[in-house]
Amino acid sequence: MKISQKGLYALQAMMMLARHHNQGAIRIRDIAYEEELPEKFLELILLELKNARIVESVRGAKGGYQLRRPPSEIYLSEIIRLIDGPLAPFGDAEQLRSLIDRDAEHRALYRVFLEVREHTSLADIVSGQASGALKTRKRRKKKEAESGVLPMVVHGNRGRDE
């Protein structure tokens with residue numbers, strides 16, 4: 001899979017916002033400085049993320065951008081799809097599961113692709129636990145099953161699916 005420079009910048013900015021999630025809005029200038037990103041390009045990226053309702057802007061002296069949802073609820077695949085389009089080069093989830101079953105030599109690689117495609121959130125990356133995302137998801141599913149609450153999945157990119 002090829003991620004554009006714009007996609008990488010978006011991921012960097014989102015990771016920075018995730019690290020500072022409970023600290024309020026962060027100015028574009030500060031995000032650009034901390035992540036060494038071009039400020040004007042970052043403005044366009046954040047506007048796109050705002051229009052997709054992933055981040056929100058706050059006006060005023062303490063204004064800037066912040067995540068609209070907790071980092072654990074924002075998945076890398078959502079950001080990549082928004083900025084760079086479908087994750088088709090990865091293959092869809094069913095194809096990856098089939099490859100995991102059939103191709104023992106490359107099984108670990110396909111599992112990573114599947115994990116990024118479905119399970120890896122900003123919180124996983126920021127906390128350094130990207131490889132533990134699958135375990136977290138399994139625990140979450142088990143907890144939801146025990147509570148009798150079914151998870152609700154919302155797809156915001158209609159027509160841009162795999």
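## Overall architecture

Among contacts in the protein between residues at least 6 apart in sequence, 57% join residues at least 24 apart. The structure discussed here is a predicted model, and its secondary structure comprises eight helices and two strands, which follow one another along the sequence in the pattern α-α-α-β-β-α-α-α-α-α.

The protein has 162 residues, of which 35% count as buried. Its exposed surface amounts to about 10,300 Å², and 51% of that area is supplied by carbon and sulfur atoms.

## Packing of H1 against H4

Two packed helices are described by the angle between their axes and the distance between the axes. For helix H1 (residues 5–19) and helix H4 (residues 76–84), the angle is about 140 degrees and the axes lie 9 Å apart. Angles over 145 degrees count as roughly antiparallel and those of 65 to 115 as roughly perpendicular, with this one falling in neither range, and H1 and H4 are therefore oblique to each other. The crossing in which H1 passes H4 is right-handed.

On the H1 side the contact is made by Lys6, Gly7, Ala10, Leu11 and Met14, while H4 contributes Leu76, Ile79, Ile80, Ile83 and Asp84. By residue class, this contact of H1 with H4 divides into seven nonpolar, one polar and two charged residues.

Gln5 also belongs to helix H1, and with a relative accessible area of 46% Gln5 is partly exposed. Although Gln5 and Asp84 stand 79 residues apart along the chain, their C-alpha atoms are separated by 9.6 Å.

## Packing of H5 against H6

A second helix pair is formed by helix H5 (residues 93–102) and helix H6 (residues 107–118), whose axes come within 9 Å and cross at roughly 155 degrees. That angle makes H5 roughly antiparallel to H6, and the crossing of H5 and H6 is left-handed.

In this contact, Ala93, Leu96, Arg97, Leu99, Ile100 and Asp101 of H5 meet Arg107, Tyr110, Arg111, Phe113, Leu114, Arg117 and Glu118 of H6. The residues of the contact of H5 with H6 divide into seven nonpolar, no polar and six charged.

## Glu35 and Glu36 at the end of H2

Glu35 is found in helix H2 (residues 28–35), and its relative accessible area of 14% places Glu35 among the buried residues. Leaving aside residues up to four places away in sequence, Glu35 touches Gln12, Met16 and Arg19.

Glu36, by contrast, lies in the loop between H2 and helix H3 (39–51), and Glu36 is exposed, with a relative accessible area of 72%. The backbone of Glu36 has a positive phi of about 55 degrees, although Glu36 is not a glycine.

## Positive phi at Arg53

Most residues other than glycine have a negative phi. Arg53 is a residue other than glycine with a positive phi, near 65 degrees, and a positive value is likewise found at Glu36.

Arg53 has its place in the loop between H3 and strand E1 (55–58). With a relative accessibility of 52%, Arg53 counts as exposed, the cut-off for that class being over 50%.

Methods:
Residues are numbered from 1 along each chain as its sequence is written. This is a predicted model: local features need pLDDT of at least 70, side-chain atom pairs count only at pLDDT 80 or more; totals for chains, interfaces and linings use all residues. Side-chain values use heavy atoms; hydrogens and water are left out. Axes are lines fitted to C-alpha atoms, for helices over the stretch in contact, and angles run from 0 to 180 degrees between N-to-C directions. Helices (H or I, at least four residues) and strands (E, at least two) are DSSP runs, numbered from the N terminus. Angles under 35 degrees count as roughly parallel, over 145 as roughly antiparallel, 65 to 115 as roughly perpendicular and the rest as oblique. A crossing is left-handed if the near helix is turned anticlockwise from the far one by less than a right angle, and right-handed if clockwise. Contact means heavy atoms within 4.5 Å. Ala, Val, Leu, Ile, Met, Phe, Trp, Tyr, Cys and Pro count as nonpolar, Asp, Glu, Lys and Arg as charged, and the others, Gly among them, as polar. Buried means under 20% relative accessible area, exposed over 50%, partly exposed in between (1.4 Å probe, protein chains only). Accessible areas come from the Shrake-Rupley method with a 1.4 Å probe; for residues, only the protein chains shown count as cover.
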